[in-house]
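Please open the model in your viewer and keep the sequence panel beside it, since this tour moves from one selection to the next.

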Amino acid sequence: MKGATKGTMSDGDKNPAATPTPVVDVHGDGRWMSLHQRFIADSKDKEPEVVFIGDSLLQLLHQFEIWRELFSPLHALNFGMAGDATQHVLWRLQDGGLQHIRPKIVVVWVGTNNHGHTAEQVAAGLEAIVRLINQQQPQARIVILGLLPRGKNPNPLREKNQRVNELLEAKVPLLPNATFLNADPGFVHSDGTISHHDMYDYLHLSRHGYARFCPALHRLLLCLLGECNAKAS
């Protein structure tokens with residue numbers, strides 16, 4: 001990317017987190033590619049106002065009642081796929097993931113699965129996602145969700161996710177049509193632990209965890225949709 005800072009926002013060809021890459025079919029059943037193609041096919045007859053794309057934290061959200069309560073009324077589609085990292089979302093977008101639709105908002109939640117990548121590489125991968133969505137969907141506002149803490153106790157991955165959020169908080173507001181939202185309601189307790197009541201496996205959210213997390217996102221989407229509708233009228 002032009003004007004990138006070495007070591008932070010590196011060029012895509014030097015950063016695996018910003019290089020579009022399909023998931024390797026290690027199980028041999030083609031599920032990831034099949035799901036990607038199903039999302040594209042299912043969107044052909046839809047007119048969503050909001051599209052969510054990312055990893056299992058979005059995929060699981062779709063299974064809970066709070067999705068039907070808060071997000072279905074916004075004419076939302078959920079393109080969450082378990083295990084996705086930034087480079088996988090980039091590939092899906094490049095392969096026509098949004099080609100049949102023109103949403104007003106695209107919500108991106110991905111990055112916690114970027115194992116082996118630095119916080120700077122993950123942040124650059126998310127920047128690449130924003131720039132690609134800007135190219136493909138210039139009318140859309142983009143919401144980048146902050147990464148959640150993970151693990152019952154303090155650990156290096158939790159620290160990395162926090163560093164990614166710090167980088168995104170500084171960078172995303174400078175990108176076209178982009179908003180950063182850290183909707184963590186305070187999942188880490190004062191003693192540094194995370195409760196299984198919020199994250200049943202200390203990574204994925206429980207019903208209670210989503211109930212705490214989702215209202216802030218819902219409020220932001222309503223605000224952005226109000227702005228979008230005001231512009232259209």
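A residue is called buried here when its relative accessible area is under 20%, exposed when that area is over 50%, and partly exposed in between. With that in mind, and remembering that this is a predicted model, begin by selecting strand β5, residues 178-181. Both of its faces are covered, with A178 and F180 buried on one side and T179 and L181 buried on the other.

Next, add strand β4, residues 141-145, which runs parallel to β5 and is joined to it by four bridges. If you pick out L145, you will find it standing opposite L181 of β5. Now bring in helix α6, residues 156-171, and you can follow how β4, α6 and β5 together make a right-handed β-α-β unit.

From there, move on to helix α7, residues 207-232, where C223 has its place. For a sense of distance, select N134 as well: it lies 89 residues from C223 in sequence, and the two are 20 Å apart in space, C-alpha to C-alpha.

Keep C223 selected and add C214, then ask which cysteine sulfur is closest to that of C214. It is the sulfur in C223, yet the two are 18 Å apart, which is too far for a bond, because a disulfide needs the pair of sulfur atoms to be within 2.5 Å. The surroundings of these cysteines can be compared by accessibility: C214 is buried, with a relative accessible area of 0%, whereas C223 counts as partly exposed at 41%. A search of the whole structure likewise finds zero disulfides.

Definitions and conventions: Residues are numbered from 1 along each chain as its sequence is written. This is a predicted model: local features need pLDDT of at least 70, side-chain atom pairs count only at pLDDT 80 or more; totals for chains, interfaces and linings use all residues. Side-chain values use heavy atoms; hydrogens and water are left out. Buried means under 20% relative accessible area, exposed over 50%, partly exposed in between (1.4 Å probe, protein chains only). Helices (H or I, at least four residues) and strands (E, at least two) are DSSP runs, numbered from the N terminus. Two strands pair if DSSP finds at least two bridges between them. A crossover is right-handed if, with the strands pointing away from the viewer, the path from the first strand over the helix to the second runs clockwise.
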